[in-house]
Amino acid sequence: MSSSLNYIKEKAFYKLLFGKTALPIIIIVGIALIYVVLMTMIDHSALPFHIVVAVAALIKTIVITLTTLKKLSKLIKICHSLERLLWVFGLIIVIIVFSFATDYTCLYQFDHAAFEGIPDFSNTYLFNLYHFFYFSVITFSTVGFGDITPVSDVAKFVIMLEIFLSFFIIVFALTNIKKIHLNE
């Protein structure tokens with residue numbers, strides 16, 4: 001009886017977790033799809049595409065911050081196990097890292113001078129996305145190896161947004177660490 005009740009609670013938690021993070025996930029996937037469509041269909045020199053990417057990154061940063069503050073703080077109040085909190089923070093981190101990797105890739109596809117350190121033979125969107133996913137993980141973790149570096153002002157701005165979210169998530173996690181119960 002107790003194990004079936006725990007199963008129902010676990011299932012309800014994961015449903016609630018993905019329900020509360022659905023909006024940022026939909027926005028980020030939507031922006032990524034728009035990027036892919038824009039990268040293949042428009043003449044980049046005719047539009048200020050780097051400004052579009054910067055504004056989209058700013059909107060995404062605001063949405064993730066507000067979602068984290070409002071919805072996920074309520075979710076953390078009801079989930080007290082370490083495993084559940086790791087799921088919450090892991091999902092937030094994956095969303096942030098992937099979404100900024102798409103931003104960096106689009107900036108690079110628009111202007112190859114926006115970043116230095118990308119191999120010359122990486123000419124496809126997906127191959128560049130791989131490099132910028134690596135770069136986004138390094139940036140989020142604040143390690144900063146320096147093998148890929150931003151050169152343009154817009155690229156630097158978008159990187160500052162990711163670093164802001166990185167520090168925000170760390171502070172958010174530390175303020176909620178007291179809610180963890182290891183014996184559940």
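I began with the secondary structure and counted six helices and two strands in the chain, taking helices (H or I, at least four residues) and strands (E, at least two) as DSSP runs numbered from the N terminus. Read from the N terminus on, the elements run α-α-α-α-β-α-β-α.

I noted that this is a predicted model, in which local features need pLDDT of at least 70 and side-chain atom pairs count only at pLDDT 80 or more, while totals for chains, interfaces and linings use all residues. Residues are numbered from 1 along each chain as its sequence is written, and side-chain values use heavy atoms, with hydrogens and water left out.

I then looked up burial: of the 184 residues of the chain, 42% count as buried (under 20% relative accessible area, with a 1.4 Å probe and protein chains only). For contacts (heavy atoms within 4.5 Å), I found that 77% of those between residues at least 6 apart in sequence join residues at least 24 apart.

Next I turned to the largest nonpolar core, a core being a set of buried Ala, Val, Leu, Ile, Met, Phe, Trp, Tyr and Cys residues joined through side-chain atoms within 4.5 Å. It has 35 residues, of which Ile96, Phe100, Tyr104, Phe115 and Phe132 touch the most other members. Helices α3 (49-78), α4 (82-110), α5 and α6 each supply at least two residues of this core, and the largest share, 12 residues, comes from α4. I followed Phe115 further and, leaving out residues up to four places away in sequence, found it touching Tyr104, Phe132, Phe135, Ile148, Pro150 and Ile159, among others.

I checked two helix pairs, with axes as lines fitted to C-alpha atoms over the stretch in contact and angles running from 0 to 180 degrees between N-to-C directions. The axes of α4 and α6 come within 10 Å and cross at roughly 175 degrees, and α4 and α6 are therefore roughly antiparallel (over 145 degrees). The residues of this contact divide into 18 nonpolar, one polar and two charged, where Ala, Val, Leu, Ile, Met, Phe, Trp, Tyr, Cys and Pro count as nonpolar, Asp, Glu, Lys and Arg as charged, and the others, Gly among them, as polar.

Helix α5 (residues 125-140) packs against α6 (residues 153-176) at an angle of about 50 degrees, with the axes 9 Å apart; the two are therefore oblique to each other (neither under 35, over 145, nor 65 to 115 degrees). In this contact I listed Phe135, Ser136, Thr139 and Phe140 of α5, which meet α6 residues including Ile159 and Ile169.

How values were computed
Buried means under 20% relative accessible area, exposed over 50%, partly exposed in between (1.4 Å probe, protein chains only).
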